[in-house]
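Student: Hey, I've got a protein open on my screen and I'm a bit lost. Can we go through it together?
Tutor: Sure, pull it up and ask away.

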Amino acid sequence: SPRAAATLLGWTGLALLARIAGITAIAMALGVERPFAAALLVVPAVELAGLLPLTPGNIGVTAAAAAFALRAHGAPEEIALAAGVAFNAVEAATSIAFGVAAVVQLATRLPRWAVQTAAACGVAGIAGAFSLTVLVPLV
């Protein structure tokens, strides 16, 4: 179905842009030089690392891939590791929020839009809380 394929490609592209924006924001918050260029290195490294699960749930692989890519970009070790862990935490929290929303959707008769809106609000809350951890120490 061409329409279903277009929808799938659209959501996949949006997810890719969200990952690039997320790592760019984290890199900017931690003072990495050229954060957008760093994001363009980190995202493919994370995708490549995710192809072959090395640990149960690939725990730590995302953080390590992001840290190695940032270190190759020239970021200091502690900044690269912090950014890798932060990116992994944000990505995991988002996955959990939408996973819970999917379970709620399947287990109840609530309208799909209501569950998706609740999940999006939860993710926005997680993003806001994470942003405060970065911004409050700067004030």
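Tutor: One thing before we start: helices and strands here are runs assigned by DSSP, with at least four residues for a helix and at least two for a strand, numbered from the N terminus. Also keep in mind that this is a predicted model.

Student: Okay, so what pattern does the protein follow along the sequence?
Tutor: Reading along, you get α-α-α-α-α. The protein has five helices and zero strands.

Student: And how much of the protein is buried?
Tutor: Of its 139 residues, 26% count as buried. The C-alpha atoms fill a box of roughly 50 × 40 × 30 Å along the principal axes.

Student: What about the exposed surface, which atoms supply it?
Tutor: About 9,000 Å² is exposed, and carbon and sulfur atoms supply 75% of that.

Student: Let's go inside. Which residues of the largest nonpolar core touch the most other members?
Tutor: Those are Ile-23, Val-32, Val-42, Val-46 and Leu-70, out of 21 residues in that core. The helices α1 (2-29), α2, α3 (61-73) and α4 (77-107) each supply at least two of the core's residues. The largest share comes from α2, with six residues.

Student: Why would nonpolar side chains end up in one place?
Tutor: As a general tendency in soluble globular proteins, nonpolar side chains are buried together.

Student: Pick one core residue for me. What does Ile-23 touch?
Tutor: Leaving out residues up to four places away in sequence, Ile-23 touches Ala-39, Val-42, Val-43 and Phe-87.

Student: Next along is Thr-24. Buried or exposed?
Tutor: Thr-24 is buried, because its relative accessible area is 14% and the cut-off for buried is under 20%. Thr-24 sits in helix α1. With residues up to four places away in sequence set aside, Thr-24 touches Pro-35, Phe-36 and Ala-39.

Student: Now α2 and α3. How do their axes cross?
Tutor: The two axes come within 8 Å and cross at roughly 145°. That crossing is right-handed.

Student: What classes of residue make up the contact of α2 with α3?
Tutor: There are twelve nonpolar, two polar and no charged residues in that contact. On the α2 side you'll find Leu-41, Val-42 and Val-46 among them, and the α3 residues they meet include Val-61, Ala-69 and Leu-70.

Student: I clicked on Leu-40. Where does it lie?
Tutor: Leu-40 is in helix α2, which covers residues 35-49. Leu-40 counts as partly exposed, because its relative accessible area is 41%, and that class runs between 20% and 50%. The C-alpha atoms of Leu-40 and Ala-69 are separated by 9.6 Å, although these residues are 29 apart along the chain.

Student: Switching topic: what's the phi of Arg-34?
Tutor: Phi of Arg-34 is near 50°, a positive value in a residue other than glycine. You'll find Arg-34 in the loop between α1 and α2.

Student: Why does Arg-34 count as exposed?
Tutor: Arg-34 has a relative accessible area of 52%, and exposed means over 50%.

Student: Last one: where is Gly-122 found?
Tutor: Gly-122 is in helix α5, residues 112-135. Gly-122 is partly exposed, with a relative accessible area of 32%. Its C-alpha atom is 8.5 Å from that of Thr-94, and the two residues are 28 apart along the chain.

Notes
Residues numbered from 1 in each chain as written. Predicted model: local features only at pLDDT ≥ 70, side-chain atom pairs only at ≥ 80, totals over all residues. Heavy atoms only, no water. Buried < 20%, exposed > 50% of the residue type's maximum accessible area, 1.4 Å probe, protein only. Core = buried A, V, L, I, M, F, W, Y, C linked by side-chain atoms within 4.5 Å. Contact = heavy atoms within 4.5 Å. Axes fitted to C-alpha atoms, helices over the stretch in contact; angles between N-to-C directions. Left-handed = near helix turned anticlockwise from the far one by under 90°. Nonpolar A, V, L, I, M, F, W, Y, C, P; charged D, E, K, R; others polar. Areas by Shrake-Rupley, 256 points an atom, 1.4 Å probe, with all protein chains shown as cover.
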